[in-house]
Amino acid sequence: METILFLAHTEDDGTLGRAALEALTGSSELRSQLADARFAVGIIGGDVSGAITTTSGCGADAFFAVQGGDFAVSRYATDAAALDAICRASGATIVLAPATSRFNRVLPGVAQRMGGRVDTHVGGFAVADGALRIQRGYYRQRMIGTLTRSARPWFLTVDAGVFPRWDGVSRDVPVQHLEVPIDDRLRRTTVVGNQAPPSNAQTIRPDAKLLFVAGVGWTKKQGDGQVHLDEAAQMILGFLDKSGASLGSSKSLVDQSSEGHNVFSFMSHLNQVGQTGATPRHPKGLSTCCHGEEPHVVGWRFIGERRAINLDANCGWAQGKADVVYVANAFELVRKVTELL
Ligand SMILES: Cc1cc2nc3c(=O)[nH]c(=O)nc-3n(C[C@H](O)[C@H](O)[C@H](O)COP(=O)(O)OP(=O)(O)OC[C@H]3O[C@@H](n4cnc5c(N)ncnc54)[C@H](O)[C@@H]3O)c2cc1C
């Protein structure tokens with residue numbers, strides 16, 4: 001009989017982040033598919049009371065917590081000690097956790113301490129013949145592999161965007177607070193704070209409903225024989241501002257920037273979507289001035305509804321890669337849409 005343990009850490013404000021709520025939905029669904037499985041929740045953080053309330057209606061048989069100032073921050077040594085304690089107390093055989101940077105860093109180490117195995121970036125579960133099978137992407141998400149393991153405990157970090165957010169009712173549940181001794185040896189790393197770019201410089205927004213992708217067409221000579229870089233930059237930023245979309249790019253556009261000409265200062269290789277770029281997850285995507293070539297579109301694997309704006313009715317998007325193609329001038333169309341927004 002399997003014991004599924006869902007692990008989460010609180011955010012700075014004591015809540016659970018999106019990835020954790022999604023992984024909780026996945027854990028709850030898995031529990032309903034694995035006959036006879038026991039189900040436990042384990043939470044670490046400075047103050048876990050809010051997170052326990054949020055998760056309390058998930059039907060878990062047991063709730064474990066490690067809380068206090070030492071566990072408020074992302075630090076390998078203290079996180080590993082806390083998670084190790086929860087894993088042992090729960091008797092977990094399958095451990096599910098959100099693929100946050102905090103957990104991606106520490107969970108492989110916890111798996112090692114427990115004599116278990118870990119698989120990261122899990123993109124789905126299936127149960128066949130009473131056994132768990134997981135799905136994950138390979139070769140930059142071009143191939144999906146399904147695999148299972150007999151080794152236990154089996155640690156899995158679940159990618160964001162795979163399951164809907166948990167949104168259950170809360171109820172009173174007993175919580176087992178574990179005392180984890182922390183000495184100065186485990187506090188050698190001091191977390192002094194977070195550094196993040198200003199929000200208006202932050203164009204990559206994983207939580208956005210829309211991915212707005214800019215291609216090299218924005219920098220090309222237009223119908224009047226001129227390039228309109230400043231106008232293009234203002235238009236892209238204006239649309240992002242009004243829509244709250246995340247900004248993606250084709251490789252050609254960010255390559256141009258790095259060569260020192262036609263620079264959009266708000267864009268870097270981190271925005272690049274594709275085979276040699278990122279594979280973001282968003283419900284919708286809008287491609288503008290981008291041709292829709294295969295090495296680029298492969299990065300759209302997890303985009304739900306795809307639309308594109310291109311002057312060329314024979315562009316790659318029109319070859320079955322988008323749900324809707326607007327054969328139109330993106331300068332005119334994006335200006336109009338931004339006005340409407
Ligand atoms: C091994 C390998 C890996 C690669 N990996 C990636 C990757 O990860 N990501 C990636 O993006 N590419 C990748 N590429 C490159 C990819 O094949 C394309 O070269 C690239 O995506 C083209 O970028 P683009 O569509 O912006 O530019 P272009 O192909 O130049 O297309 C520009 C488009 O803009 C349109 N346009 C121009 N003006 C307007 C206007 N006013 N309104 C509307 N449309 C307009 C044009 O009609 C044209 O279709 C890879 C290539 C290889 C070989």
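Strands S6 and S7 pair in the antiparallel sense over 5 bridges, with Arg-136 finding its bridge partner, Gly-145, in S7. Pairing here calls for at least two bridges between two strands as found by DSSP. Helices (H or I, at least four residues) and strands (E, at least two) are DSSP runs numbered from the N terminus. The model is a predicted one: local features need pLDDT of at least 70 and side-chain atom pairs count only at pLDDT 80 or more, while totals for chains, interfaces and linings use all residues. Residues are numbered from 1 along each chain as its sequence is written.

S6 also has a partner on the other side of a short turn. S5 (117-128) and S6 (131-138) pair in the antiparallel sense over 6 bridges, and one of the links joins Val-127 to Leu-132 in S6. The two strands make a hairpin with 2 residues between them. Asp-129 is in that turn, with a positive phi of about 50 degrees although it is not a glycine. Is Asp-129 buried or exposed? Asp-129 is exposed, with 6 other C-beta atoms within 10 Å. The labels work like this: a residue is buried if 20 or more other C-beta atoms lie within 10 Å of its own, exposed if 12 or fewer, and partly exposed in between, with C-beta atoms placed from the backbone.

A further backbone oddity of this kind turns up at Asp-36, in the loop between helix H1 (18-33) and strand S2 (38-45). Asp-36 is not a glycine either, but has a positive phi of about 70 degrees. With 7 other C-beta atoms within 10 Å, Asp-36 is exposed. Then there is a cis peptide bond, running from Arg-152 to Pro-153 with omega near -5 degrees. Pro-153 sits in the loop between strand S7 (143-147) and strand S8 (154-158).

Stepping back to the whole chain, there are 8 helices and 14 strands. The C-alpha trace spans about 70 × 50 × 35 Å along its principal axes. Of the 341 residues, 40% are buried. Contacts (C-beta atoms, placed from the backbone, within 7 Å) often reach across the sequence: among those between residues at least 6 apart, 68% join residues at least 24 apart.

Now for the interior. In soluble globular proteins, nonpolar side chains tend to be buried together. A nonpolar core is taken as a set of buried Ala, Val, Leu, Ile, Met, Phe, Trp, Tyr and Cys residues joined through C-beta atoms within 7 Å. The largest such core has 56 residues, and Phe-6, Val-95 and Leu-96 have the most contacts inside it. Helix H1 gives the most to this core, with 6 residues. Apart from that core lies another, of 32 residues, among them Trp-218, Val-273, Ile-303 and Ala-308.

Leu-96 and Ser-27 are worth a look together. Leaving aside neighbours within four places in sequence, Leu-96 is in contact with Ile-4, Phe-6, Ala-23, Gly-26, Ser-27, Leu-156 and Val-158. On the same terms, Ser-27 touches Ile-4, Phe-6 and Leu-96. Ser-27 is found in helix H1 and is buried, with 30 other C-beta atoms within 10 Å. The C-alpha atoms of Ser-27 and Arg-113 are separated by 23 Å, with the two residues 86 apart along the chain.

Further along the chain, strand S10 (residues 210-214) runs parallel to S11, joined by 4 bridges. Leu-211 has Ser-246 in S11 as its bridge partner. S10, helix H5 (residues 229-243) and S11 make a right-handed β-α-β unit; right-handed says that, with the strands pointing away from the viewer, the path from the first strand over the helix to the second runs clockwise. Strand S11 (residues 246-249) is covered on both faces, with Ser-246 and Gly-248 buried on one side and Leu-247 and Ser-249 buried on the other.

Finally, the ligand. Which residues are closest to the ligand? Gly-215, Gly-217, Ser-250, Lys-251 and Gly-274 are, out of 30 that surround it, where a residue counts as near if its C-beta atom, placed from the backbone, lies within 6 Å. Helix H6 (251-258), helix H7 (294-297), strand S13 (303-310) and helix H8 (330-340) each supply at least two residues of this shell. The largest share, 3 residues, comes from H6. The shell divides into 11 nonpolar, 15 polar and 4 charged residues. In that count, Ala, Val, Leu, Ile, Met, Phe, Trp, Tyr, Cys and Pro are nonpolar, Asp, Glu, Lys and Arg are charged, and the others, Gly among them, are polar.

How values were computed. Contact = placed C-beta atoms within 7 Å.
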